[in-house]
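Open the model in your viewer and keep the sequence panel beside it. The stops below say what to select and what is there.

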Amino acid sequence: MTDTPLPPDELAHRLTEVFDLVGPLYRRVQRKVEEAAPLEGVSVGVRAVLDLLRAQGPMTVPQMGRAQSLSRQFVQRMVNDAGSRGWVETVPNPAHRRSSLIRLTDEGCTVIAAVTTREHALLRQVGGDLTDAQVTACVQVLGRMVALFDDVDVN
């Protein structure tokens, strides 16, 4: 392991290793979240919406779709589900009359806090003596890979 940038062909091979891990990791995490869904009644999609609103504040459905690389229609279904449970509410958008803002309710804040607290406890078990530099590098690599596909239409 060196600090020398990899040549493009070698980099492509190494990034394939990352893709080979990301898919199974995503599916396993999704299943784990769904296993716990009966506890809070939160699906993976609704959890993503609640967490995004917790982190970013009120947003429109199209903004949430772009931020999560999800179709507007899928995000709308998740918002509708969360709204039916009283976790989000629609408020007027001063910047755009026809595209309302979605924001967390107090109950939604409580639910996403419970979900993320449970997830945090699970993630504490990762172990492996990982360093901050390693996690920073991982985030940097995944961020670059996401940026490579910014032009992909998700709708």
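## Start at a loop

Select Ser-69, which sits in the loop between helix H3 (61–68) and helix H4 (72–84). This is a predicted model. The phi angle of Ser-69 is near 55°, a positive value in a residue other than glycine. Ser-69 is partly exposed, its relative accessible area being 48%.

Next, select Asp-129, in the loop between H5 and helix H6 (132–148). Asp-129 also has a phi near 55°, again a positive value in a residue other than glycine. Its relative accessibility is 74%, so Asp-129 counts as exposed.

## The whole chain

Zoom out and colour by secondary structure. The protein chain contains six helices and two strands. Followed along the sequence, the pattern of the protein chain is α-α-α-α-β-β-α-α. The C-alpha trace spans about 50 × 35 × 25 Å along its principal axes.

Now colour by accessibility. The protein chain has 155 residues, of which 26% count as buried. Consider contacts between residues at least 6 apart in sequence: 55% of these join residues at least 24 apart.

## Where H2 meets H5

Show helix H2 (residues 44–56) together with helix H5 (residues 106–123). The two helices pack at an angle of about 100°, and their axes are 10 Å apart. At that angle H2 is roughly perpendicular to H5. To see the contact, display Arg-47, Leu-50, Asp-51 and Arg-54 on the H2 side, and Val-111, Ile-112, Val-115, Thr-116 and Glu-119 on the H5 side. Sorted by class, the contact of H2 with H5 has four nonpolar, one polar and four charged residues.

Stay on H2 and centre on Arg-47, which lies in this helix. Is Arg-47 buried or exposed? Arg-47 is buried, with a relative accessible area of 17%. Which residues does Arg-47 contact, leaving aside its neighbours within four places in sequence? They are Val-42, Ile-112, Val-115, Thr-116 and Glu-119.

## Salt bridges

Side chains of opposite charge can pair when their charged atoms come close. A search of the whole structure gives six salt bridges. Three of the pairs can be visited in turn.

Select Asp-51 and Arg-54 on H2. The pair forms a salt bridge, with the closest N and O atoms 2.5 Å apart. Both residues lie in helix H2, three residues apart, which is about one turn of the helix. Asp-51 is buried at a relative accessible area of 18%, whereas Arg-54 is partly exposed at 45%.

Go to helix H1 (residues 8–40) and select Arg-14 and Glu-17, both of which lie in this helix. Their side chains meet in a salt bridge of 2.7 Å, N to O. Arg-14 and Glu-17 are three residues apart, about one turn of the helix. Arg-14 counts as partly exposed, with 45% relative accessibility, and Glu-17 likewise counts as partly exposed, with 39%.

Then select Arg-85 and Asp-81. Arg-85 forms a salt bridge with Asp-81, and the closest N and O atoms are 2.9 Å apart. Arg-85 is partly exposed, with a relative accessible area of 37%. Asp-81 counts as partly exposed at 23% relative accessibility. Elsewhere, salt bridges that share partners join Arg-47, Asp-51, Arg-54 and Glu-119 into one network. These residues appeared earlier among those making the contact between H2 and H5.

## The loop between the strands

For the last stop, select Asn-93, in the loop between strand S1 (88–91) and strand S2 (101–104). Asn-93 has a relative accessible area of 12%, so this residue counts as buried.

What does the side chain of Asn-93 reach? One partner is the backbone nitrogen of Ala-95, at 2.9 Å. Another is the backbone oxygen of Ser-99, at 2.8 Å.

Finally, show the residues around Asn-93. Not counting residues up to four places away in sequence, Asn-93 touches Thr-60, Ser-99, Ser-100 and Leu-101. Ser-99 is thus on this contact list, and its backbone oxygen is reached by the side chain of Asn-93.

Notes
Residues are numbered from 1 along each chain as its sequence is written. This is a predicted model: local features need pLDDT of at least 70, side-chain atom pairs count only at pLDDT 80 or more; totals for chains, interfaces and linings use all residues. Side-chain values use heavy atoms; hydrogens and water are left out. Helices (H or I, at least four residues) and strands (E, at least two) are DSSP runs, numbered from the N terminus. Buried means under 20% relative accessible area, exposed over 50%, partly exposed in between (1.4 Å probe, protein chains only). A polar contact is a pair of N or O atoms within 3.5 Å; within protein, one must be able to donate a hydrogen and the other to accept it, and residues adjacent in sequence count only if both atoms are side-chain atoms. Contact means heavy atoms within 4.5 Å. Axes are lines fitted to C-alpha atoms, for helices over the stretch in contact, and angles run from 0 to 180 degrees between N-to-C directions. Angles under 35 degrees count as roughly parallel, over 145 as roughly antiparallel, 65 to 115 as roughly perpendicular and the rest as oblique. Ala, Val, Leu, Ile, Met, Phe, Trp, Tyr, Cys and Pro count as nonpolar, Asp, Glu, Lys and Arg as charged, and the others, Gly among them, as polar. A salt bridge is a side-chain nitrogen of Lys or Arg within 4 Å of a carboxyl oxygen of Asp or Glu.
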